[in-house]
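Grab a coffee and open the viewer. Here are some exercises to try by eye before you read on.

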Amino acid sequence: MRVLVLGGTGFTGRQITRRLLDRGDRVLVVHRGRTAAPPEGAEELRTDRRALAEHADRVRAFDPEAIVDAYALTGDDVDAVLPVLPPVPAVVLSSADVYLAFTGLWTGRELAPLPIDEDSPLRTDRRPYRGAGLPGVPEDYEKLDVEERWLARGAVVLRAPVVYGPHDAQRREDVVLRRVRAKRARIPVGAANLLWSRLHVDDLAAAVLAALDTRAADGQALNVAEARTCSVGGWLRQILDAAESPAELVRVPDSALPPDLAATGASAQHLLVSSARAQDLLGWRPGDPATRVAESVRWHLAHPSPEPWTEADTAADDAALAAADG
């Protein structure tokens with residue numbers, strides 16, 4: 001199969017591209033050249049997606065039989081490419097942040113019952129990260145806009161929760177691993193009750209391939225998430241176990257938490273996602289969460305973050321622990 005991948009060099013796109021190549025597909029990766037090169041064996045077209053119309057001849061020459069959009073963040077990102085792309089099956093990555101539960105999580109209010117499935121209410125507010133100043137997130141970020149445009153085209157939209165694994169630029173496990181590397185014996189945590197579904201990047205890539213091969217989900221948005229989710233506290237313990245660390249998680253007042261551990265505070269709203277529909281329609285099954293976390297931790301231990309542990313970090317943790325010790 002000839003597959004055109006928009007954004008096939010970043011965290012998720014790279015793994016999708018690699019899985020396509022491994023099974024023998026021919027892949028053209030459209031990317032800006034700002035991160036790593038595509039996996040070996042992929043063809044590439046270096047351009048900003050909003051300039052894809054300038055390369056319409058290249059797209060026609062490749063003659064894609066399917067499309068994967070791994071990095072559309074705004075409605076404009078989609079509007080720029082749809083006129084250039086042929087009407088072939090497409091799979092698009094979206095996010096569980098389209099649900100009203102995300103607004104509740106973001107604002108500290110319980111707004112939606114669990115589990116979150118495809119019939120759960122969507123956000124009514126738009127541009128959720130406007131003014132947040134998050135690196136790499138444009139002010140007009142809105143996956144609802146992305147979904148509306150692609151679904152009208154008959155694409156399969158996959159709503160992913162927190163995605164982790166090798167090459168994750170956000171290094172989600174580092175909230176623990178940087179303390180392990182600093183040989184911290186005690187790690188401050190809050191209530192750590194948050195249930196926020198996760199998904200290993202390889203399971204996400206497998207879901208994309210399943211959606212490409214299965215027409216039963218065309219024109220639908222589907223959740224893809226791990227089959228079982230533990231709390232944030234349980235996830236932190238999984239990371240420590242995988243790192244073979246004896247460090248202790250110490251309950252401290254939420255108000256005393258260091259900024260990078262704020263997500264371990266008490267949560268009124270959870271984002272526990274059900275992917276039963278995707279499993280039924282796509283025949284897709286995610287891997288065992290504990291095994292996947294261990295795989296990811298091993299990779300991140302072998303590829304440590306260059307961010308150093310500082311005296312300020314030590315002071316913040318010690319202050320939090322002192323608040324617990326009273």
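Each task below comes with a worked solution, and keep in mind that this is a predicted model.

**Exercise 1. Work out how the radius of gyration of the chain fits with a compact globule.**

Start with the length: the chain has 326 residues. A compact globule with that many residues would have a radius of gyration near 20 Å. The chain has 20 Å, so the value agrees with the globule rule. Next, look at the extents: the C-alpha trace spans about 70 × 40 × 35 Å along its principal axes. Then check the inside, where buried residues make up 53% of the chain. Finally, take the contacts with a separation of 6 or more: 77% of them join residues 24 or more positions apart.

**Exercise 2. Find Ser197 and decide: is it buried or exposed?**

First, place it: Ser197 sits in the loop that runs from β8 (186-189) to β9 (198-200). Its relative accessible area is 0%. The cut-off for buried is under 20%, so Ser197 is buried. Now see what surrounds it. Beyond its neighbours within four places in sequence, Ser197 is in contact with eight residues you can pick out, among them Pro161, Ala225, Thr229 and Val273. For Val273 there's a polar detail too: the Ser197 side chain reaches its backbone nitrogen at 2.8 Å.

**Exercise 3. List the buried residues of α8 and say what covers them.**

Go to residues 232-242, which form α8. The buried ones are Val232, Gly233, Gly234, Trp235, Leu236, Ile239 and Leu240. Now look at the cover: it includes the helices α6 (174-181) and α10 (289-302), along with the strands β8, β9 and β11 (248-251).

**Exercise 4. Hunt for unusual backbone geometry at Glu244, His167 and Pro115.**

Here's the background: most residues other than glycine have a negative phi, and most peptide bonds are trans.

- Step one: Glu244 follows α8 and lies in the loop between α8 and β11. Its phi is positive, at about 55 degrees, though it is not a glycine. With 74% relative accessibility, Glu244 counts as exposed.
- Step two: His167 is in the loop between β7 (162-164) and α6. Its phi is also positive, near 75 degrees. At 38% relative accessibility, His167 is partly exposed.
- Step three: Pro115 belongs to the loop between α4 (100-107) and α5 (143-152). The peptide bond from Leu114 to Pro115 has omega near -5 degrees and is cis.

Notes
Residues are numbered from 1 along each chain as its sequence is written. This is a predicted model: local features need pLDDT of at least 70, side-chain atom pairs count only at pLDDT 80 or more; totals for chains, interfaces and linings use all residues. Side-chain values use heavy atoms; hydrogens and water are left out. Helices (H or I, at least four residues) and strands (E, at least two) are DSSP runs, numbered from the N terminus. Buried means under 20% relative accessible area, exposed over 50%, partly exposed in between (1.4 Å probe, protein chains only). A polar contact is a pair of N or O atoms within 3.5 Å; within protein, one must be able to donate a hydrogen and the other to accept it, and residues adjacent in sequence count only if both atoms are side-chain atoms. Contact means heavy atoms within 4.5 Å. The radius of gyration is taken over C-alpha atoms; the globule rule is 2.2 Å times the number of residues to the power 0.38.
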